[in-house]
Amino acid sequence: MKKIILISFFFLISFHNLYAQGSAGSSGDFEPRFVVDMPTAGIIGHLQYAADVDFYQNGGALFGVSFGLLNTFNVGLSYGGTHLIGSSKPEWNKFPGMSIKARPFDESQILPAIALGFDSQGKEIYIDSLDRYAIKSPGIFLVISKNFSVAGFLSVHSGINYSLERADSDKDLNLFFGAEKTLGNFLSIIAEYNLAINDSDPKALGEGYGYLNLAVRISIGSGFTLGVNLKDIFKNQHNISIANRTISVEYIGRL
C-alpha cells in the first residue's frame, strides 16, 4: 500500500496544474466513463484515447486502454493480475478484457444520454475455481446518464447489465445506480450502488446486500484524474473488514 501511495503522490506532484483538467470537478474537460466499477454513458471523442490503472488488494493492478473510433463509439482492451507489487510471484488474469461502447443518443436539455455496449473485464482478483472476478464484469449493458446544474454539476446514472461470468450458477440480470457531485472545479464525490442481483446465489460470493461503493476523484493535471475508492461498504463479501480500498489513475489524451 505504501508503494501505491508513493505512485499516486508522484502523479500528483508531477502533473498538478491548476489550469489543466481531467474528468473530475465542474471544470472537467472529459466525461466520466465509469461510476466506480460500472459504466456511465460517458465516452471519449474521436481520436481521443484513455489509459487507466487500478490498484487493489494483494498487490493487484489492472491496466486498460480505450480509443475513440468515433465521437459515439469506443473500443478498449485491459489486462492485469495480482502480486504485481511486492515480492510474490505475479499471477496474471486468465484472459485480457475487451470492451465496446456506443452512444446512439446524446444528452439533451430534457432527455438523458443513452449508451450500450459490452465489457468483459471484471474488477480485482480473478478466482480460477469460480471462473470469475471478485466483482463480475458488466458484460452486456445499457446505461443512461443525466447531468443537472446544482452548485456545479450533479450527474445521475442508471443501468442494467448481463454478465457472462456465470460459472457460479447465478445468471440473473443486474441493475446498478450511481451519482456524482462536483465540489469546486477539480473535485468530485461519487456513490455507486450495484445491486449485484447476479452475485447472490449460494455458490456466488455476495450475501445479497449489493455493493455500495464510494469514491473521491480529483483532476491533477492535463488529462489526469486520481481516484480513491472505498468499496463494498455493506460487506457483501466475507473478506471485507471496513471497506475495500482501491486507487485509480486515469489519463485521457488525443492523437
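In which strand does Gly-227 lie? Gly-227 belongs to strand β14, and this residue will serve as one of several points of entry into a model that is predicted. Before the individual residues are taken up, the overall architecture deserves a description.

The secondary structure of the protein consists of one helix and 15 strands. The radius of gyration is 17 Å, close to the 18 Å that the globule rule gives for 255 residues, so the protein is as compact as a globular protein of that length. Along the principal axes, the C-alpha atoms fill a box of roughly 45 × 45 × 35 Å. Of the 255 residues, 47% are buried. Among contacts with a separation of 6 or more, 53% join residues that are 24 or more positions apart.

The surface and the charges complete this general view. The accessible surface comes to about 12500 Å², and carbon and sulfur atoms account for 66% of that area. The protein carries 20 positive and 23 negative side chains. The centres of these two sets lie 3 Å apart.

The interior may be considered next. In soluble globular proteins, nonpolar side chains tend to be buried together. In this model, the largest nonpolar core has eight residues: Val-53, Phe-55, Ala-61, Ile-220, Phe-224, Leu-226, Ile-247 and Val-249. Three strands each supply at least two residues of this core, namely β1 (48–56), β14 (224–231) and β15 (244–254). A second core, separate from the largest one, has seven residues, including Met-38, Ala-115, Phe-141 and Val-143.

The discussion now returns to Gly-227 and strand β14. With a relative accessible area of 0%, Gly-227 is buried, because buried means under 20%. Apart from neighbours within four places in sequence, Gly-227 is in contact with Val-216, Arg-217, Thr-246, Ile-247 and Ser-248. One of these partners, Ile-247, is also a member of the largest nonpolar core. Gly-45, by contrast, is 182 residues from Gly-227 in sequence and 22 Å from it in space, C-alpha to C-alpha.

Strand β15 contains Arg-245. This residue is partly exposed, with a relative accessible area of 44%. The C-alpha atoms of Arg-245 and Tyr-56 are separated by 7.0 Å, although the two residues are 189 positions apart along the chain.

Two further residues lead into other strands. Gly-139 is found in strand β9, which spans residues 139–148. At 0% relative accessibility, Gly-139 counts as buried. Leaving out residues up to four places away in sequence, Gly-139 touches Gly-117, Phe-118, Asp-119, Tyr-162 and Ser-163. Glu-165 stands 26 residues from Gly-139 along the chain, and the C-alpha atoms of this pair are separated by 8.1 Å.

Leu-116 is placed in strand β6, residues 113–119. At 40% relative accessibility, Leu-116 counts as partly exposed. When its neighbours within four places in sequence are set aside, Leu-116 is in contact with Ile-100, Lys-101, Ala-102, Phe-141 and Leu-142. Among these partners is Phe-141, which is also included in the second core. Ile-144 is 28 residues from Leu-116 in sequence, with 8.8 Å between their C-alpha atoms.

The last part of this account concerns the backbone in two loops. Most residues other than glycine have a negative phi. Which value does phi take at His-83? Phi of His-83 is near 60 degrees, a positive value in a residue other than glycine. His-83 is placed in the loop between β3 (73–82) and β4 (91–92). At 22% relative accessibility, His-83 counts as partly exposed, since the buried class requires a value under 20%.

Asp-131 likewise has a positive phi, near 55 degrees, and is a residue other than glycine. Asp-131 lies in the loop between β7 (123–127) and β8 (132–135). With a relative accessibility of 33%, Asp-131 counts as partly exposed.

Notes. Residues are numbered from 1 along each chain as its sequence is written. This is a predicted model: local features need pLDDT of at least 70, side-chain atom pairs count only at pLDDT 80 or more; totals for chains, interfaces and linings use all residues. Side-chain values use heavy atoms; hydrogens and water are left out. Helices (H or I, at least four residues) and strands (E, at least two) are DSSP runs, numbered from the N terminus. The radius of gyration is taken over C-alpha atoms; the globule rule is 2.2 Å times the number of residues to the power 0.38. Buried means under 20% relative accessible area, exposed over 50%, partly exposed in between (1.4 Å probe, protein chains only). Contact means heavy atoms within 4.5 Å. Accessible areas come from the Shrake-Rupley method with a 1.4 Å probe; for residues, only the protein chains shown count as cover. Lys and Arg count as positive and Asp and Glu as negative; His and the chain ends are not counted. The place of a charge is taken as NZ of Lys, CZ of Arg, CG of Asp or CD of Glu. A nonpolar core is a set of buried Ala, Val, Leu, Ile, Met, Phe, Trp, Tyr and Cys residues joined through side-chain atoms within 4.5 Å.
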